[in-house]
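Me: I have a structure here and would like to learn how to read it. Could you walk me through it?

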Amino acid sequence: MKMIRISPRQALKMRALRRRSSIVERVLMVDQILSEFRLEREELKEVMRRMQREMDRGLRMETHDEASVKMLPTYVRSTPEGSEVGDFLALDLGGTNFRVMLVKVGEDEERGWKVETKHRMYSIPEDAMTGTAEMLFDYIAECISDFLVKHNLKHKKLPLGFTFSFPVRHEDIDKGILLNWTKGFKASGAEGNNVVGLLRDAIKRRGDFEMDVVAMVNDTVATMISCYYEDRSCEVGMIVGTGCNACYMEEMRTVELVEGDEGRMCVNTEWGAFGDNGELEEFRLEYDRKVDETSLNPGQQLYEKLISGKYMGELVRLVLLKLINENLLFQGEASELLKTRGSFETRFVSQIESDSGDRKQIYNILTTLGVLPSELDCDIVRLACESVSTRAAHMCGAGLAGIINSMREHRNQEALKITVGVDGSVYKLHPCFQDKFHNIVRELTPRCDITFIHSEEGSGRGAALISAVACKMAASMLSQ
Ligand code: GLC
C-alpha cells in the first residue's frame, strides 16, 4: 500500500477546511431551528384575518361572551365637550412601576391647550402585586399620599384620572370591573370588582387626603388621547411594552354592547387574549408553550405572550437552551444563571441587537450570565434575539393591520388616512422593532395612509386630559 505524505502546510489547510465546514454545518443547523420563527406573508395575512374575525365576534352581542378579543367599550366618545383647565392628578398602574403625576392643563393661544407634568415613580413590591387587592390598593394610596406631601398638595381635593392597564368592563368612564389580571399581577379579590371603588375605599381607609376620581382609562386609550391633542387624525392607540394591546375609535352602530348609533366610541380591543380560543395554535412553538405553562395565567394572553416585553427575554432564553442542548452553542454547556427562569431580561434583546458589530455588548451581557462565548456564539445569540423580536414585530403588525383595515371597511371608505399613537418599552427601545413593524402594517393595509407617532408620557397626560373632559361634561350636565 502506498502511503500518501502530507506536508505540514497541507495538514494545516485541511484542518482549517474541516473547521470551516463544521462552522457552516453548525450555522445551518442553528438556522434550521430558528427558521420556525419566520412567518410568510400569507401566514401573516391569515393571522390578520383571524384577528378581524375575533374583533367582529367581540363587538357582537351574540358572540361577545365566547370571543377571545373582548372589544371592551370605554365610554370615551368622539364628541369632545371641550375641557376644564386646572390641576389634575394622574395615576398609572399596569407595568412594573406605579406612577403618580400632577398635570396642569392650561389654555394655549396656538393649540388651545397645554399640559405640564411633575411625576414620581414607585416600584411595586412583588407581594403587593400578588397579595390581596387591599394590599395593592393600600400601597397605591400610600404612594399618592407621599406624592401629595412632597408637592404640598395634601389639602387640595384634586380631580383624578386613573390609567389602569388591564381588561376592564366599563359601565361608564369612571366605573368598571376588572375582568382578569394580566402581565404577572395576581392580587386576589380584585377580579370581578369595581376598580375605582377599590381605589376610593383605600383612600378612605387612609383618611389623610381626598380625591375625586373622575375617569379610568386603559393605557392604550390614554396614549391615543394624548396623541389626539397633537394630531386630530389619531384614532388608534397601541402599547408594546410589558404587555401588548390596542384601542381605536369604532362606529357606535357596530359597538353592540352600548346603546346608540351616533358617532364613535373608543374600543379597548384587549387583543393580547387573541389565540386563547386556539386561533394561534399552528404558529405557537415549543418555547411559547413553555413560557405559557410557567406563567401566572396559563392559557391566557397567548398573542401577548408572542410579542410583549414581559415574555420576550424568556423566549430567547428558552431558544438558547435549545441550541445548547443540541450542542450548537457554548460548547453544549449552560451556566446556572442561564438555566434560571427570567434571567435573560428583555432589555438584553434590545442591547444585543444594538451591538455595533464588534460583539462587545453581546460579550459583556453573556459573561454576566456566566458563559464565556466565542465570536460565533455571540453571533448565534444575536440571531436568536433577531428571530424572536422579528416574529414579535410581524405578529403585532398583522394585528394592527387587521384593526386599520376593519376601520376602513366599517367607515365605508375607499381610502383611510389615520394616525396611530404608540408607547411602550419594546416599541421605543428595541433598535429594529419599529421599522419591521411599520413595514408589515403598511404592506398589509394597501388603501391606508398611516402615520405613527410616539406618545410622550401618554399614560399620565391622557388620563389627565380625559379627566379634564369628564369634568367639563359633569359641569355642563349640572348646569342643565
Ligand atoms: C395587557 C393588558 C392591557 C394593556 C396592555 C398594555 O395586555 O391586559 O389592558 O393595555 O397589557 O399595557
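**Reading the sheet and the ligand site**

Reply: Happily! Let's begin with an open sheet of six strands, ordered β1-β11-β10-β9-β12-β13 with mixed pairing. Strands here are DSSP runs of E, at least two residues long, and helices are runs of H or I of at least four, numbered from the N terminus; two strands pair if DSSP finds at least two bridges between them. This is a predicted model, in which local features need pLDDT of at least 70 and side-chain atom pairs count only at pLDDT 80 or more, while totals for chains, interfaces and linings use all residues. Residues are numbered from 1 along each chain as its sequence is written, and side-chain values use heavy atoms, with hydrogens and water left out.

Me: Which strands stand at the edges?

Reply: β1 (72-77) and β13 (448-454) do; each has a single partner strand, so one side of each is left without a neighbour in the sheet. From one strand to the next, the twist averages 25° (axes are lines fitted to C-alpha atoms, for helices over the stretch in contact, and angles run from 0 to 180 degrees between N-to-C directions).

Me: In what sense do β9 and β10 pair?

Reply: Strands of a sheet pair through backbone hydrogen bonds, either parallel or antiparallel. Here β9 (residues 234-240) and β10 are antiparallel, over five bridges. Gly 237 stands opposite Cys 247 in β10. Helix α7 packs on this sheet, touching β1, β9, β10, β11 (264-268), β12 (416-423) and β13, and its direction makes about 135° with that of β9. Contact means heavy atoms within 4.5 Å.

Me: What is Ile 453 of β13 in contact with, beyond its neighbours within four places in sequence?

Reply: Its contacts there are Cys 227, Asp 231, Thr 419, Val 420, Gly 421 and Val 422. Cys 227 is 226 residues away along the chain, yet the two C-alpha atoms are separated by 7.4 Å.

Me: And the ligand: which residues come nearest?

Reply: A residue is near a molecule if one of its heavy atoms lies within 4 Å of it. Of the 15 residues around the ligand, Lys 183, Asn 218, Asp 219, Glu 270 and Glu 304 come nearest. For polar contacts, look for a pair of N or O atoms within 3.5 Å. A side-chain N or O atom of Glu 304 is 2.4 Å from a ligand oxygen, and a polar side-chain atom of Asn 218 lies 2.8 Å from one. The elements giving two or more residues to the shell are α7 (219-228) and β10 (244-251).

Technical notes:
A polar contact is a pair of N or O atoms within 3.5 Å; within protein, one must be able to donate a hydrogen and the other to accept it, and residues adjacent in sequence count only if both atoms are side-chain atoms.
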